Amino acid sequence: MSDVKATRQAYGEALAKLGGENENIVVLDADLAHATMTKFFMEKYPDRFFNAGIAEANMTDMAVGLAEVGFIPFVSTFAVFGTGRNFEQIRNSVCYPKANVKLAMTHAGISVGPDGGSHESIEDVALMRVLPNMTIFCPADEAETEKALRAAVEIEGPVYIRLSRMTTRALPEQDFVPGKANCMREGKDTAIFAYGTMVERALDTAEMLKAEGIDAAVYNFHTIKPLDVETISKCAEQYDQIFTVEEHSVVGGLGEAVAGVVAETGGCRVKKIGVNDKFGQSAKPEELFEMYGLDAASVARQIKEVI
Amino acid sequence: MLDISTESCKTLRKDILTMLHASGSGHAGGSLSCVEIMDALYGGILRIDPQNPKKPDRDYFVLSKGHAAPALYAALAEREFFPKEELLTLRKAGSHLQGHPDKNKVPGVDMTTGSLGQGISIATGLALGTRAKGYDSRVYVLTGDGELQEGLCWEAAMAAANYKLSNLTLIVDWNGLQIDGPNEEVMNLGDLGAKFRAFGFEVCEIDGNDLDQVVKALSAPAGDKPRCVLAHTVKGKGVSFYENQVGSHGAVPNDEQFEKAMKEIG
């Protein structure tokens, strides 16, 4: 384990490890094995690796056929193609018949960086959230990525795993219970809900707020579906405001999911912090976080404006 | 043992019309055009067991043109995968027999389909998967002609040839008509034989409503390439007022038409 690693790298390594433990695991990629990091699996288990070429829709439907005879296929490409171009395959061939297919998509969010807006998926969570039978994981670091993968293998049915190109630092290790958010930090004034690359930023934000006398809790929502309604309701009762931060559009993401729960159960105000209904662009990832108001300082500023 | 005959084809046609008449909705034209193909497959070509429909090393059939579900249901009921009385529940609330096939609801349905093009890809995955498992399974997939306008079909064809899936047989129910008109008017399919050959398939062309030709083509031993059977059929086959009619795609017989059609089939 290293201190700093991209979850796509952690995914590739964990997948190769799991391949040795479970011979039913097969992997499909669409000519991006060296970017999604499925190359580690490909090198170790070439007989169980299928390169579908640049044909995401066929890749996904072939995985449905492989799942039908007992394999556990992991399908990988970039999130923007894997959930966008592929949406109707995922809807009708994967989720509708509840096929045991795992969709592990990398390069999610604006932190893709220089490749720019065409490659930066800010809508994948929204697309996957609306599908019945779907489970959505978004791990925050290396250790959590392996745990999410193991959980995905245990689940009989579709799982979407959202992964990043950008590195994240190792966070304090916690249990991974699907559908149960982890409290990474207690706080008496407010709560920040984050997932993926935003968890470490939310923790930094909380440190900054502390220096200014605001004590913020941080929750890691590694599972976006099924949603941890219990934690949301508890926080809605405990705090006057909840903040959601995500490297995803504020339309259809965790923020709207949380706001939807709170609107029904009653409680506090929910402020959604994320990509404000616009596309990404080319820049270094850290520059993009600043430009889109998603670096720790910008998030702290937005929280202070509300409190 | 082959249990395939013009008599059983008649039964399937009558069952299809009975189902559509009872449900008041469904697709007559494309269900009637593929009757000989369905009768041949379920009458003995597929190595399947109604008592054990999920046996992993069986043969597989994917109805990629899922709107022909009545033909599949009729064939399955005829081979006792489920009681024939259920056919009358087609498309009704609570029925197992959905408008398009659902593998989780109907014994013997190998794959959930309905969105055109996807079944061909899934069948390619099944062929790849059964071979990887070491099974001696053959995988058959039936597509419509208009369906081949979906780009996904050609992604799947490329993959099937790439992986040398000689256990895969793709059957095209080539009745020449689709919802908005003849294929040539909507989007010309061109020379399908040349296209599939160029993609790396072994291609044969048959009269898809001639039972002997169908049985011969579908029971031929696998070669070393995926196979494409271009089955020329008549949309609405067996019912005079449906045959070769564009409008027969989503047609359902009223009482009078039902009587007439049942008499014609005999």
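Visitor: Is Arg91(B) buried, partly exposed or exposed, and what is its relative accessible area?
Guide: This is a predicted model. Arg91(B) lies in the loop between α4 (69–78) and α5 of chain B. Buried means under 20% and exposed means over 50%. Arg91(B) falls in between, so the class is partly exposed, with a relative accessible area of 31%.

Visitor: What is the phi of Arg91(B)?
Guide: Arg91(B) is not a glycine. Its phi is still positive, at about 65°.

Visitor: Where is Met37(A) found, and is Met37(A) buried or exposed?
Guide: Met37(A) is found in the loop between α2 (33–36) and α3 (39–44) of chain A. Its phi is positive, about 75°, although Met37(A) is not a glycine. The cut-off for buried is under 20% relative accessible area. Met37(A) has 8%, so it counts as buried.

Visitor: Which peptide bond is cis, with omega near 0°?
Guide: Look at the loop between β12 (223–225) and α10 (229–238) of chain A. Pro226(A) lies there. The cis bond runs from Lys225(A) to Pro226(A).

Visitor: How far apart are the end C-alpha atoms of helix α9 of chain A?
Guide: Helix α9 covers residues 198–211 of chain A, 14 residues in total. At 1.5 Å a residue, the helix should span 20 Å. The model agrees: the end C-alpha atoms are 20 Å apart.

Visitor: Which residues in α9(A) are buried?
Guide: Several residues of α9(A) are buried, including Met198(A), Val199(A) and Glu200(A). Arg201(A), Ala202(A) and Leu203(A) are also among them. The list is completed by Thr205(A), Ala206(A) and Leu209(A).

Visitor: Which residue with a positive phi follows α9(A)?
Guide: Look just past the helix α9(A). The phi there is near 85°. The residue is Gly213(A).

Visitor: What area is buried between chain B and chain A?
Guide: The contact takes 26 residues from chain B and 23 residues from chain A. Carbon and sulfur atoms give 59% of the buried area. That area is about 2000 Å².

Visitor: Which side chains meet in a salt bridge between chain B and chain A?
Guide: The count between the two chains is 1 salt bridge. Its N to O distance is 3.2 Å. The side chains are those of Lys103(B) and Glu68(A).

Visitor: Which element gives the most to the side of chain B that touches chain A?
Guide: Two elements of chain B give two or more residues to that side: α5 (118–132) and α6 (151–162). One of them gives the most, with 10 residues. That element is α5(B).

Technical notes: Residues are numbered from 1 along each chain as its sequence is written. Chains are lettered from A and ligands numbered from 1 in the order in which they are written. This is a predicted model: local features need pLDDT of at least 70, side-chain atom pairs count only at pLDDT 80 or more; totals for chains, interfaces and linings use all residues. Side-chain values use heavy atoms; hydrogens and water are left out. Contact means heavy atoms within 4.5 Å. Buried area is the accessible area (1.4 Å probe) that two parts lose on being put together, summed over both. A salt bridge is a side-chain nitrogen of Lys or Arg within 4 Å of a carboxyl oxygen of Asp or Glu. Helices (H or I, at least four residues) and strands (E, at least two) are DSSP runs, numbered from the N terminus. The expected span of a helix is 1.5 Å times one less than its number of residues. Buried means under 20% relative accessible area, exposed over 50%, partly exposed in between (1.4 Å probe, protein chains only).
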